[in-house]
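Visitor: Please take one sheet of this protein and go through it closely, with the cut-offs behind each term.

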Amino acid sequence: MATIQDVAKEAGVSTATVSRILHNSSNVLPETRDKVMAVIERLDYHPNRLARQFRTQETGNILILVPELENTFYYEIISGIESTAKEKGYHILIAETHNDVELEEYFFECLKQKQVDGIITFSARLAPDQLEQLSSQYPFIIVCRYYEGMNLPNVAIDNRKASRDITNYLLNLGHRRICCLVGNTDIPLYQDRLNGYKDALKERGIPVLPEMICTERVTIQGGYDAVERLAGAGTDFSAVVACGDTLAIGAIRALKNMGRKVPSDVAVTGFDDIELSSLYNPSLTTVRQPKKQMGIRTMEKLLDLIAGKTLIHQQDILNYELVIRESSGEYIGSH
């Protein structure tokens, strides 16, 4: 079995140079890198990751905590994380938490025990004081969730403002009876989106009615069930603000099955701009997050923390975009 010394001797360089190339260091001439990589391939050399871990106290692994893998919104963000991690010689592991606090505690214990080098989480359910304590001692980043007033490293958009903006868009079209389909509001992300909906109504002097708010799993089936439940209760509405695109798509499907046309009878908006949103019929008006950029920036921040650097900005609040498509239509109503 080839060793790093064999590679160095064959390539005519030092073992330190081989190590820098294996760790994707930029401080190596391109021709030297090409020569060493050719020798590595010819000798079929594989670095001893366990020995490296003992020597550096690093595993080379990053753990990503995802609430539910069936939500396609996460894919593009994870792609951005993975591409940046790969460039720096890290591997990613993905765990589904189902928003279970005990599971989160278990995975953070893995970080404390140095079984992984850092954690990226999409839904931190731990108590705020626990999160701040962990943040002061270990490398982890929260992505997609903005914690106002807390000193936690995160990358997100302003979900509350984005939800207020898309609700205001429907209000500007003349809608006044607007339902809100939302995920579990124990999850801060969905609480923010619900609050944005409420903010928009209150600013126009429109009462926030409990019967117009429906909590469901953020899936296509969840959106379908929510609209069926609203219709079954006799709730009158001309528009639906869904706090996730899958909810919105399920809502459209339910409305079609009831014989109600979208958008001429009921306007529908989503949130996140997953790939299916532009392909569905009608195409979905939604909030577009810079998902790939979000993943790249998240991994960059985590790498800084792993390297022991002090972050210049704990919070990165990225821009979002309202994407207006067919599902919101035009509405002529009383103002």
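Guide: What follows covers the open sheet, the helices on it and one loop residue, after some totals.

The model is predicted: local features need pLDDT of at least 70, side-chain atom pairs count only at pLDDT 80 or more, and totals for chains, interfaces and linings use all residues. Residues are numbered from 1 along each chain as its sequence is written, and side-chain values use heavy atoms, with hydrogens and water left out.

The protein holds 13 helices and twelve strands; helices (H or I, at least four residues) and strands (E, at least two) are DSSP runs, numbered from the N terminus. Its C-alpha trace spans about 80 × 40 × 30 Å along the principal axes. Of its 335 residues, 51% count as buried, where buried means under 20% relative accessible area, exposed over 50%, and partly exposed in between (1.4 Å probe, protein chains only). A contact means heavy atoms within 4.5 Å. Among contacts between residues at least 6 apart in sequence, 70% join residues at least 24 apart.

The sheet is open and has six strands in the order β2-β1-β3-β4-β5-β11, with parallel pairing. Two strands pair if DSSP finds at least two bridges between them. At the edges stand β2 (91-96) and β11 (315-317); each has a single partner strand, so one side of each is left without a neighbour in the sheet. On average, neighbouring strands of the sheet are turned by 15° against each other, direction ignored. Axes are lines fitted to C-alpha atoms, for helices over the stretch in contact, and angles run from 0 to 180 degrees between N-to-C directions.

At the β11 edge, strand β5 (residues 154-156) runs parallel to β11 and is joined to β11 by three bridges. Here V155 stands opposite D316 in β11.

Two helices that pack on the sheet can be described in turn. Helix α5 (residues 73-87) touches β1 (61-66), β2, β3 (118-121) and β4 (140-143), and its direction makes about 150° with that of β2. Helix α13 (residues 291-306) touches β1, β3, β4, β5 and β11, and its direction makes about 160° with that of β4.

Back at β2, the loop between this strand and α6 (101-112) contains N99. With a relative accessible area of 16%, N99 is buried. Not counting residues up to four places away in sequence, N99 touches P67, E68, S123, R125 and I187.
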